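Visitor: Could you take me through one part of this model in close detail? I would like to see how a pair of helices packs together.

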Amino acid sequence: MLDWLFGNRKKLQSQRITEIEELQLDSSIWQARFLSASARHALIRWIRVFVAEKKWEGCNGLQVDVAMQWAVAASAGLMVTAYPDWFFGKTSSILIYPTPYIAKAGPQYSSLSGGIPSVMGEFARAGETIYRGPVLVNWQDLQYAKESANSGNHLAIHEFAHQLDLINSPFADGLPPLPANIDEKRWKDGMQREFQAARSMVADGYRVFINDYGLTKESEFFAVASELYFQTPRALAEYHPNVFELLLQFYQQDLRQLLPS
Ligand SMILES: [Zn+2]
């Protein structure tokens with residue numbers, strides 16, 4: 001089984017990169033045009049595997065096409081550039097809605113996921129992440145995010161940050177699986193301190209760069225900060241330097257030199 005899987009991956013990744021794939025990458029994430037040629041090619045090879053291995057499902061009549069698959073895959077792949085063997089193995093399928101959807105069930109269970117507990121149901125149901133289950137996103141928000149840094153929001157990056165958070169436990173706690181050279185306690189304490197500091201600032205009437213949703217709990221703090229890390233790295237480093245440094249230790253790619261914001 002594993003031989004077959006790795007053989008398939010190798011085959012997919014060894015094929016020559018086409019002009020069409022280059023163009024597809026450019027229209028999938030705005031960050032692509034700032035990446036080096038070798039980083040772009042590595043990302044394209046990663047995307048091929050991700051697209052092939054996930055089950056894709058359009059909801060509410062949406063037909064999933066290559067542009068949608070690539071918009072999701074390129075975002076997820078950008079996040080794990082430092083971990084080229086990670087393909088979000090616990091994420092079996094991707095469900096794409098045309099617009100932010102209305103869930104029929106309450107916040108804990110989604111009828112859409114077959115009654116599997118929904119670990120992360122986002123406000124207004126822009127998207128959702130389910131432990132060992134599907135990731136739910138909507139094409140309207142994805143299109144908005146793939147064009148530019150905009151407000152710093154990026155739905156796919158947000159949901160896949162939750163997926164990273166869930167690799168090492170069924171409970172999202174804002175702690176992704178850290179490389180062995182990082183002191184886990186120091187990292188976690190650091191993030192907690194920043195989370196509490198940002199909340200205190202807001203309680204005292206100040207505004208902070210990480211939005212209110214990111215201040216609701218530690219897992220959302222990690223997900224929202226991750227969006228900013230890939231969308232507006234310079235601004236995140238300026239307003240929350242400690243958060244930026246901690247995320248840099250995990251993501252291991254510094255986009256400040258590459259991206260304009
Ligand atoms: Zn979230």
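Guide: Happily; here is a walk through one helix pair, followed by a residue further along the chain and a word on confidence.

Please keep in mind that this is a predicted model. The pair to look at is helix α6, residues 155-165, and helix α8, residues 218-231. Their axes come within 8 Å and cross at roughly 130°. That angle is over 115 but not over 145 degrees, so α6 counts as oblique to α8. As for handedness, the crossing of α6 and α8 is right-handed.

Now for the residues that make the contact. From α6 come Ile 157, His 158, Ala 161, His 162 and Asp 165. On the α8 side they meet Ser 219, Phe 222, Ala 223, Val 224, Ser 226, Glu 227 and Phe 230. Sorted by class, this contact of α6 with α8 has 6 nonpolar, 4 polar and 2 charged residues.

Further along the chain, Ser 261 sits in the segment after α10 (241-251). In space, Ser 261 and Pro 233 are 6.5 Å apart, C-alpha to C-alpha, although 28 residues separate them in sequence. Leaving aside residues up to four places away in sequence, Ser 261 touches Ala 149, Thr 232, Arg 234 and Ala 235. Ser 261 is partly exposed, because 15 other C-beta atoms lie within 10 Å.

Finally, confidence: the chain averages a pLDDT of 89, and 90% of the residues score at least 70. Over residues 104-117, however, the pLDDT is below 50, and this stretch has 22 contacts in the model beyond near neighbours in sequence. Where pLDDT is low, the predicted coordinates should not be read in detail.

Conventions: Residues are numbered from 1 along each chain as its sequence is written. This is a predicted model: local features need pLDDT of at least 70, side-chain atom pairs count only at pLDDT 80 or more; totals for chains, interfaces and linings use all residues. Axes are lines fitted to C-alpha atoms, for helices over the stretch in contact, and angles run from 0 to 180 degrees between N-to-C directions. Helices (H or I, at least four residues) and strands (E, at least two) are DSSP runs, numbered from the N terminus. Angles under 35 degrees count as roughly parallel, over 145 as roughly antiparallel, 65 to 115 as roughly perpendicular and the rest as oblique. A crossing is left-handed if the near helix is turned anticlockwise from the far one by less than a right angle, and right-handed if clockwise. Two residues are in contact if their C-beta atoms, placed from the backbone, lie within 7 Å. Ala, Val, Leu, Ile, Met, Phe, Trp, Tyr, Cys and Pro count as nonpolar, Asp, Glu, Lys and Arg as charged, and the others, Gly among them, as polar. pLDDT is the predictor's confidence in each residue, from 0 to 100. A residue is buried if 20 or more other C-beta atoms lie within 10 Å of its own, exposed if 12 or fewer, and partly exposed in between; C-beta atoms are placed from the backbone.
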